Amino acid sequence: MDKFRSMANVDGLITDAADAKIPLMDRGFLYGDSIYEVFRTYKGIPLFHDEHWARFENSAQLAHLGLTISKDRMLDEIRRTVKATNAADLNRDVYVRYIITRGEGPIDLFPRPELTTRFVILVKELPEWKQEYSSVGIRLAIPEIRRNATNALDPNIKGGNYLNNILGMIEARALGADDCVMLNNSGLITEASTSNVFFIKQNENILITPAKAAGHLRGLTKAAVEKICLENNLELRAEDITVAALENTTECFLTSSTKEVMPVSSLRLPDGNVLSYPKGGGDMTRQLIQHYIAFVDAHIKTHEHLCLYK
Ligand SMILES: Cc1ncc(COP(=O)(O)O)c(C=O)c1O
């Protein structure tokens with residue numbers, strides 16, 4: 001049987017991912033002038049395909065980027081790329097990243113109207129998170145660097161420039177953590193480098209997550225957790241979360257398309273104190289992990305027609 005190959009598709013040309021080429025003058029490369037989405041498959045079925053496309057269209061609109069590729073064409077191109085990976089024969093799920101760049105042009109920040117957008121698709125194996133991330137939990141630290149202000153760069157533009165989050169991640173790693181949780185300029189919790197964050201409040205058994213205004217990407221996994229809470233009568237509040245309020249939290253977890261619901265084992269505060277959370281997630285986190293598995297299962301059962309193996 002052929003082995004799995006990570007593949008890329010640049011404007012319709014499918015190659016091994018390692019051989020894919022983008023021209024130097026592409027604005028995605030020069031300025032991060034691009035938008036993207038990432039999803040993973042379950043049994044070959046893209047999770048939340050419609051929701052990802054809706055967010056992609058919203059990013060395009062916020063970035064004044066005219067989409068010249070339709071949802072159907074993008075899915076066809078993704079399907080062709082997945083086919084080339086041998087994932088279907090191997091019955092393996094994949095990570096899919098699709099990107100639109102504003103295209104190639106002269107060095108000039110102003111995006112001239114004659115620019116033509118470029119699409120790029122990357123299909124690779126799912127990320128292999130360290131086993132401890134699920135058995136124990138991921139370790140977080142709050143770095144000094146603050147999350148971009150929402151009136152400087154709307155976090156709902158899922159764009160190709162992650163320098164703010166990269167700097168947060170570098171600082172967190174230097175502090176001995178695996179990932180960062182960033183504060184905004186008012187000192188409120190926003191999100192992790194590529195995930196949303198939730199906490200459980202001591203004594204009350206209430207879930208809390210940063211309110212929209214704090215500034216974070218509206219994650220689709222976060223939206224799924226919100227629905228799960230509603231369906232299961234679990235109280236969830238979106239509120240301003242200060243560092244001081246964290247002292248009264250008993251559990252913490254991250255959500256993202258590839259991390260799913262991931263327990264957090266510790267959180268380093270700016271003063272150097274480290275909060276510890278239950279190994280492998282407390283009761284509520286473990287409940288939500290199970291609910292999320294069931295939620296994904298129900299979603300893929302109703303979206304079998306989208307299976308990328310066919
Ligand atoms: C900055 C940021 N926040 C949150 C998320 C989580 O979003 P989702 O659950 O849709 O994967 C991501 C995912 O890439 C992200 O980049």
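**Close-up views of a two-domain predicted model**

**View 1. Two domains and the contact between them.** In this predicted model, the centres of domain 1 and domain 2, taken over C-alpha atoms, are separated by 27 Å. Domain 1 spans residues 7–126, and domain 2 spans residues 131–297. The contact involves 23 residues of domain 1 and 11 residues of domain 2. On the domain 1 side, E3, H2 and E5 each give two or more residues. Strand E3 gives the largest share, 8 residues. By class, the domain 1 side that touches domain 2 has 12 nonpolar, 6 polar and 5 charged residues.

**View 2. The open sheet and its edges.** Six strands build an open sheet, in the order E2-E1-E6-E5-E3-E4. Their pairing is antiparallel. Strand E2 (13–16) and strand E4 (45–46) are the edge strands. Each of these two pairs on one side only. Strands of a sheet pair through backbone hydrogen bonds.

**View 3. Strands E3 and E5, with helix H2.** Strand E3 covers residues 34–42, and strand E5 covers residues 94–101. The two run antiparallel and are joined by 7 bridges. To find one of the partners, start at Val-38: its bridge partner in E5 is Arg-97. Helix H2 (residues 49–62) packs on the sheet. Helix H2 touches E3 and E4. The direction of H2 makes about 175 degrees with that of E3. E3, H2 and E5 also appear in View 1, on the side of domain 1 that touches domain 2.

**View 4. The hairpin of E1 and E2.** Strand E1 (residues 7–10) pairs with E2 in the antiparallel sense. The pairing runs over 4 bridges. Met-7 stands opposite Asp-16 of E2. Between the two strands of the hairpin lie 2 residues. Asp-11 takes a positive phi near 50 degrees in this hairpin. E2 is also one of the edge strands of the sheet in View 2.

**View 5. Helices H7 and H9 crossing.** Helix H7 is made of residues 220–231, and helix H9 of residues 283–301. Their axes come within 10 Å and cross at roughly 105 degrees. Angles of 65 to 115 degrees count as roughly perpendicular, and H7 and H9 are therefore roughly perpendicular to each other. H7 makes the contact with Ala-224, Val-225 and Ile-228. H9 makes the contact with Leu-288, His-291, Tyr-292 and Phe-295. By class, 6 of the contact residues are nonpolar and 1 is polar. None is charged.

**View 6. The shell around the ligand.** There are 15 residues around the ligand. Those that come nearest are Leu-217, Gly-219, Leu-220, Thr-221 and Ser-257. Helix H7 and strand E13 (249–256) each supply at least two residues of the shell. H7 provides the largest share, 3 residues. By class, the shell divides into 3 nonpolar, 10 polar and 2 charged residues. H7 is thus shown in two views: here it supplies shell residues, and in View 5 it crosses H9.

Methods
Residues numbered from 1 in each chain as written. Predicted model: local features only at pLDDT ≥ 70, side-chain atom pairs only at ≥ 80, totals over all residues. Axes fitted to C-alpha atoms, helices over the stretch in contact; angles between N-to-C directions. Parallel < 35°, antiparallel > 145°, perpendicular 65-115°, else oblique. Contact = placed C-beta atoms within 7 Å. Nonpolar A, V, L, I, M, F, W, Y, C, P; charged D, E, K, R; others polar. Near = placed C-beta within 6 Å. Pairing = 2+ DSSP bridges. Domains from an automatic or database assignment.
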